[in-house]
Structures are given as C-alpha cells and as structure tokens.
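Work through these exercises with the structure open beside you. Try each task before you read its solution.

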Amino acid sequence: MEEKKEFWRWKEYNWHDENKDWKEASIVTAGVDVGSVSSQAVIMADGELYAFSNMRTGSSSPDSAQKAIDWAMENTSLTLDNIRFTVGTGYGRVNVPFAKKAITEIACHARGGNYMYGPTIRTILDMGGQDCKAIHCDERGKVTNFLMNDKCAAGTGRGMEVFADLLSIPIEQIGEMSLSVEKEPEPVSSTCVVFAKSEAMGLLRSGWDKNTVLAAYCSAMAHRIVTLLERIGVEEDFAITGGIAKNVGVVKRLEKEIGIKILEPKYDTQIAGALGAALFAKTLVEKGKG
Amino acid sequence: MIANYGYKDGSGEFFIIIDTDKCDGCGRCVEACKWGVMLVGEDDHDPFREEPVAKVSDEQRKKIKYSCAQCKPESDRPPLPCMEACEPDAISHSW
C-alpha cells in the first residue's frame with residue numbers, strides 16, 4: 001500500500017545566531033509558547049533574538065515545552081541553568097515546568113509584535129492553530145484592546161490543515177496555488193470547517209479544479225476574519241502573526257478586503273508569542289521580580 | 001485596556017466588554033452576577049498591573065450567550081445586574 005503523505009505537515013526547524021555569543025550577554029531569558037498545534041521556544045541574549053525552535057505540539061504540554069527549549073539550545077552550549085528566567089505562554093502555558101511565570105498569549109503577541117514590527121505597530125492579528133486573536137497595542141507593545149475567538153475553527157491553522165489533507169496539497173503551497181486562479185471564485189458559503197469541507201467535496205465533484213477550491217476557501221477564511229476584526233477595528237500599522245500569516249492566499253485576500261496594507265514579516269511569524277514571553281522575562285528580571 | 005470576552009459564531013456575536021482602565025476591581029459585579037460569569041483577579045493580559053481587575057471566567061467565556069440569557073428576557077428587559085452594580089461604568093454587553 002502506498003504510504004499516506006502528511007500534507008498538513010509544515011516545516012519544523014531550529015535556528016541560532018552564529019555571529020553572537022550568549023556568554024557575552026549579561027542576561028539570557030527564554031519564552032516558550034505551547035500552542036494547540038505548534039510550540040516555539042525563543043532565547044534572547046540581552047533582549048536580542050539569539051535562538052529559537054518551531055515544532056509541532058505533542059500530546060503532552062510539559063514534554064513539548066522541554067523538547068522546544070532543548071531544540072532551541074541545540075549547538076549553542078546553553079543549558080537551562082544559563083537561562084535566568086523563562087516565561088510560558090500559549091494554550092499550554094501553565095504546563096511549562098521550567099517557566100517561572102505564565103503570561104497569556106494576548107499580552108505576549110502584542111509584545112512580540114512590537115519587537116518584530118517596531119513601535120508603530122497598532123494592530124496584530126494572531127491566526128493560530130486553533131484560535132484567532134485580534135489585538136491593539138500601544139507604542140510599547142502594551143495591549144489596549146483585544147478579542148479572541150476560540151469557539152470555532154474557521155479561520156485557524158487547523159482548518160487549513162484539514163483542507164491540505166482533503167485536497168492532497170502540501171499546506172505550504174496552498175497560498176500560492178490559491179492565487180494562481182484566473183478568476184476569483186465566490187467564497188465557500190460555510191465558514192464552519194466541517195461544512196466547508198463537505199462543500200469543497202461537492203465543488204470538486206462538480207468539476208472545479210483544486211486551485212479554484214483553494215481560492216474559494218482562502219477567500220472564505222479571509223472574509224470570516226474581517227467580520228471578526230470589525231468588532232475592534234484595524235489601525236495601522238497592521239501585521240499578522242501565527243501560522244496562517246505564511247499563507248499568502250489568505251493574507252492577500254484579507255489585505256484586499258480591508259484595504260489596509262499588511263506589513264511584510266521580518267521574522268518567522270510563528271515565534272511572536274514566544275518572543276514576547278522572552279521579552280517579558282527580561283523585564284521581570286529587571287523589575288526585580290525574577 | 002478594552003477586554004472583549006466572548007465569541008462570535010453562526011448564531012451571533014456575544015461579548016462582554018470590560019474597560020480595565022475604568023475598573024477598580026471592587027468586585028461588586030461578581031456579587032451581582034448570580035450565574036458566576038464575572039470574576040475579579042490578576043489582569044491576565046497585563047502582567048505589570050498590580051491592582052485586581054474584573055474579567056469573565058474561562059469556564060464561562062464560551063457560553064455567555066446562555067448564562068447571560070437568564071438576565072436578558074425578550075421583553076421588558078431590566079437593567080443588567082452586572083452593569084448596574086458597576087459604579088465606574090466599566091462593563092458593557094455587545095448583544
């Protein structure tokens with residue numbers, strides 16, 4: 001039997017800055033974001049990004065947290081003892097055994113977004129694995145308004161994974177492929193992932209090609225997010241964090257629908273939460289709370 | 001900070017909105033809410049805020065449509081106890 005390919009699987013990797021030596025830093029802090037689908041660990045030396053890992057969350061939050069931090073420290077000669085303070089965030093934040101404090105992902109994404117995009121960032125949309133958060137923040141990355149939707153999988157990474165599997169298309173290619181259509185189709189009418197999936201099956205049977213079905217789904221996802229954003233509004237500068245930020249099919253359609261430019265990411269958008277957590281860790285030490 | 005607790009689904013938009021800059025953490029809303037929707041505690045989204053703040057419990061966040069319905073009859077809607085109890089006027093509902 002042919003081996004079943006895992007189309008939903010995205011790239012897991014680790015990175016560290018080879019031009020930096022953490023031993024020269026006066027303080028090393030870490031942030032670990034255990035999300036519903038992915039986990040990241042970020043290590044910062046004196047408040048500058050030094051190393052990170054980005055991987056899938058396993059069935060156990062403590063194990064995922066440990067694996068993420070171990071992978072981020074790989075080939076850096078760092079051990080947990082060298083890390084002064086770790087903050088846990090994300091859905092599994094209270095289950096990060098080596099973290100001294102847990103901070104919500106809303107606060108962490110605002111802070112991380114502020115580092116990634118600079119002090120002019122005002123709206124951050126975190127499109128995560130299983131939820132979606134719209135956050136406004138001030139020039140210091142402090143949350144001024146937020147809303148979270150985690151009651152419905154429409155507009156989340158998990159929804160996109162379902163589609164990757166359904167159409168046998170690697171998840172990282174969905175965005176580009178959905179943009180290759182000559183004529184933009186009507187969005188699928190259902191925002192519910194389960195119903196959107198059955199609708200997509202019907203469209204395929206009626207002769208639509210895969211790219212057009214993907215376009216219809218990406219477009220429905222973008223539309224769904226716009227209706228959610230309406231509640232708090234969008235102020236520029238605007239950026240998206242989380243896994244869906246890597247899907248140009250959703251990002252471009254969202255940009256078009258709201259008519260506001262979405263900033264180009266300079267870092268991996270999935271590390272925003274862990275990055276914010278590591279920055280909070282540094283501030284907590286400086287405030288004498290670590 | 002404006003904190004929107006709740007959700008949006010196929011049946012509508014259900015959010016309890018708390019202005020944490022107005023909230024003084026007095027806890028009268030907690031006493032006023034018979035259904036255990038309101039809670040006072042640490043500000044989860046501002047790690048540096050020292051004072052307690054009102055929030056919607058995690059347990060209730062995804063079912064406020066049903067919990068709050070008990071204070072929201074179709075006709076002759078009386079003022080909501082949580083909003084009435086709040087002197088600084090920090091609580092509002094989206095529906």
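**Exercise 1: A sheet built from two chains**

Seven strands form an open sheet in this predicted model, and the pairing is mixed. Task: find in what order the strands run, and which are the edge strands.

Solution. Step 1: write down the order, which is β10(A)-β7(A)-β8(A)-β9(A)-β1(B)-β2(B)-β5(B). Step 2: look for strands that pair on one side only; these are β10 (238-241) of chain A and β5 (91-93) of chain B. Step 3: check the twist, which averages 15° from one strand to the next.

**Exercise 2: Where the chains join**

Task: state how many bridges join strand β9 of chain A to strand β1 of chain B, and whether the two run parallel or antiparallel.

Solution. Step 1: recall that strands of a sheet pair through backbone hydrogen bonds, either parallel or antiparallel. Step 2: locate β9 at residues 143-149 of chain A and β1 at residues 2-9 of chain B. Step 3: count the bridges between them; there are three, and the strands run parallel. Step 4: pick out one facing pair: Phe146(A) stands opposite Ala3(B) in β1(B).

**Exercise 3: A helix across the sheet**

Task: name the strands that helix α6 of chain A lies across, and give its angle to β8(A).

Solution. Step 1: find helix α6 at residues 210-232 of chain A. Step 2: list the strands beneath your cursor as you trace the helix. In chain A they are β7 (123-127), β8 (132-137) and β9. In chain B they are β1 and β2 (12-19). Step 3: read the angle; helix α6 runs at about 35° to β8(A).

**Exercise 4: Two domains in chain A**

Task: describe how domain 1 and domain 2 of chain A touch.

Solution. Step 1: set the bounds. The domain assignment gives domain 1 as 13-115 + 271-286 and domain 2 as 122-262. Step 2: take the C-alpha centres of the two domains, which lie 27 Å apart. Step 3: count contacts. Twelve residues of domain 1 are in contact with 19 residues of domain 2. Step 4: ask which element gives the most on the domain 1 side; helix α2 (residues 105-117) does, with seven residues. Step 5: sort the residues of that side into five nonpolar, six polar and one charged.

**Exercise 5: Chain A as a whole**

Task: explain why the radius of gyration of chain A agrees with a compact globule.

Solution. Step 1: with 290 residues, a compact globule would have a radius of gyration near 19 Å. Step 2: chain A has 19 Å, so the two agree. Step 3: add the burial; 53% of the 290 residues count as buried.

Definitions and conventions: Residues are numbered from 1 along each chain as its sequence is written. Chains are lettered from A and ligands numbered from 1 in the order in which they are written. This is a predicted model: local features need pLDDT of at least 70, side-chain atom pairs count only at pLDDT 80 or more; totals for chains, interfaces and linings use all residues. Two strands pair if DSSP finds at least two bridges between them. Helices (H or I, at least four residues) and strands (E, at least two) are DSSP runs, numbered from the N terminus. Axes are lines fitted to C-alpha atoms, for helices over the stretch in contact, and angles run from 0 to 180 degrees between N-to-C directions. Two residues are in contact if their C-beta atoms, placed from the backbone, lie within 7 Å. Domain bounds come from an automatic or database domain assignment. Ala, Val, Leu, Ile, Met, Phe, Trp, Tyr, Cys and Pro count as nonpolar, Asp, Glu, Lys and Arg as charged, and the others, Gly among them, as polar. The radius of gyration is taken over C-alpha atoms; the globule rule is 2.2 Å times the number of residues to the power 0.38. A residue is buried if 20 or more other C-beta atoms lie within 10 Å of its own, exposed if 12 or fewer, and partly exposed in between; C-beta atoms are placed from the backbone.
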